[in-house]
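Work through the exercises below with the sequence and the coordinates open, and try each task before reading its solution.

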Amino acid sequence: MTNLNMFSLEGRTALITGANTGLGQGISVAYAKAGANVIGVARRSCQETAEKIAAFDGSFKEIIADLSDTSVIPQIVEEAEKAFGRVDILVNNAGIIKRCDAADVTEEDWDAVININEKMVFFLCQAFAKGWLADQKGGKIINIASMLSYQGGIRVPAYTSSKSAIMGLTRELANEWARHNINVNAIAPGYMETNNTQNLRSDEQRSEEILSRIPAGRWGTPEDIAGAAIFLASDAAAYVHGFTLAVDGGWLAR
Ligand code: NAP
C-alpha cells in the first residue's frame, strides 16, 4: 500500500510570498493543514491568512516586506530563520499584472512587473538555495508561473515576458541544483478567481469568452492550487525537477 505520509509537510517550514490574499493565501492554508510551519511574506498584513490558519491551530508567522526591491531579501531570510529555523520550502507567488496595449507600455510599468515577477523570484531562489547548497539537506522551490508561460496573451507584454521567463528559469535552476536534492518546479495556474483577474471577470464579454474556453466550465479557486502545491513541496515529488505543472481546468488542452 502507498504510504501517504510522503505528502506530509509535518516538521517542514515553508515561506510563501504574497501570502495575504489569493493563491498565496490558498497555498499558505494548505501547507499549514499539511503540517508545515508557514511564513507569509507580504507588503501588508496577512491577518486574514493568519486567522484561517489559527482556526485549526496551524503555525503561521508573517513578515512584512515590499518585494519590488531585492534589498529586502537579507531581512526576509533573517526574520524567517529567527521564526522557525531552517526554511525548507520556498514558494515564489507574489506577482503583479499591468494590462495595457503594447504600444503604450511605459518603462516604469515594464520595470515594476519584471522586478517583482522575475528578478525578485530569481534572487529569492538564490538566497535560500545558497543555504541549501551549503548544508546539503535539500530544499523545494515552487515558482508560480501562468498560462502566459505557454501562450502569448494580449495587452500584457511585461507579464507574459516575466511568466515565460519563470518557466525557463525553473528549468535552468533545476539543471544546476537537482543533484543537490533541491527540487525546482513551477505551477501554472489557469484563470483563477483572485484580485489578479478582477478586471477580466468584471468585463462581461472577456469573462464569457474565457469561461466558455475552460473545459472544466468554471474559474479556478485558491483551493484548486492546494494539491499541486503540496505535492511539489513534499517527498512525493523527490524526482520531479524543472517542470511547470498546469492547474488550469483543462485550458491548455484546448
Ligand atoms: P493577487 O490576489 O493579486 O495576489 C498577488 C500577491 O502578490 C498579493 O499578495 C500581492 O500583495 C502580492 N504582491 C504584489 N506586489 C507586491 C510587492 N511589491 N510586495 C509584496 N507583495 C506583493 O493575485 P493571485 O492570482 O493570487 O496571484 C498570485 C500569483 O499567481 C501571481 O504570481 C500571479 O501572476 C499568478 N497567477 C494568477 C492567475 C490568476 O488567474 N489569478 C493565473 C496565473 C498566474 P497585495 O495584496 O498587497 O497587492
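A polar contact is a pair of N or O atoms within 3.5 Å, and this cut-off is applied here to a predicted model.

**Exercise 1.** Decide which polar atoms of the protein lie opposite the nitrogen and oxygen atoms of the ligand in the pairs at 2.8 Å, 2.6 Å and 2.9 Å.

*Solution.* Begin with the backbone, where a polar atom of leucine 67 is 2.8 Å from a nitrogen atom of the ligand. Turn next to the side chains: an N or O atom of tyrosine 159 lies 2.6 Å from an oxygen atom of the ligand, and an N or O atom in the side chain of lysine 163 is 2.9 Å from a ligand oxygen. Finally, consider the cover, for the ligand on its own has 880 Å² of accessible area, of which the protein covers 94%.

**Exercise 2.** Describe the shell of residues around the ligand by number, class and element.

*Solution.* Count the surrounding residues, which come to 29, with Asn20, Arg43, Arg44, Tyr159 and Thr194 the closest. Sort the shell by class, which gives twelve nonpolar, 13 polar and four charged residues.

**Exercise 3.** Locate the ligand among the pockets and characterise the pocket's lining.

*Solution.* The ligand takes up the space of the largest pocket, and helix H1 (22-33) and helix H5 (157-177) each give two or more residues to the shell around the ligand. This largest pocket holds about 1100 Å³ of space. Its lining consists of 48 residues, and those nearest the centre are Gly95, Ile96, Ile97, Thr194 and Asn196. Two or more lining residues come from each of H1, strand S2 (37-42), H5 and helix H6 (198-202).

Technical notes. Residues are numbered from 1 along each chain as its sequence is written. This is a predicted model: local features need pLDDT of at least 70, side-chain atom pairs count only at pLDDT 80 or more; totals for chains, interfaces and linings use all residues. Side-chain values use heavy atoms; hydrogens and water are left out. A residue is near a molecule or strand if one of its heavy atoms lies within 4 Å of it. A polar contact is a pair of N or O atoms within 3.5 Å; within protein, one must be able to donate a hydrogen and the other to accept it, and residues adjacent in sequence count only if both atoms are side-chain atoms. Accessible areas come from the Shrake-Rupley method with a 1.4 Å probe; for residues, only the protein chains shown count as cover. On a 1 Å grid over the protein atoms alone, a cavity is a set of points where a 1.4 Å probe fits but cannot get out, and a pocket is an open set with protein on both sides within 12 Å along at least five of seven lines; lining residues have an atom within 4 Å of a point. A molecule sits in a cavity or pocket if more than half of its atoms lie within 2 Å of its grid points. Helices (H or I, at least four residues) and strands (E, at least two) are DSSP runs, numbered from the N terminus. Ala, Val, Leu, Ile, Met, Phe, Trp, Tyr, Cys and Pro count as nonpolar, Asp, Glu, Lys and Arg as charged, and the others, Gly among them, as polar. Grid points are joined across faces, edges and corners, and a volume is the space filled by probe spheres set on the points.
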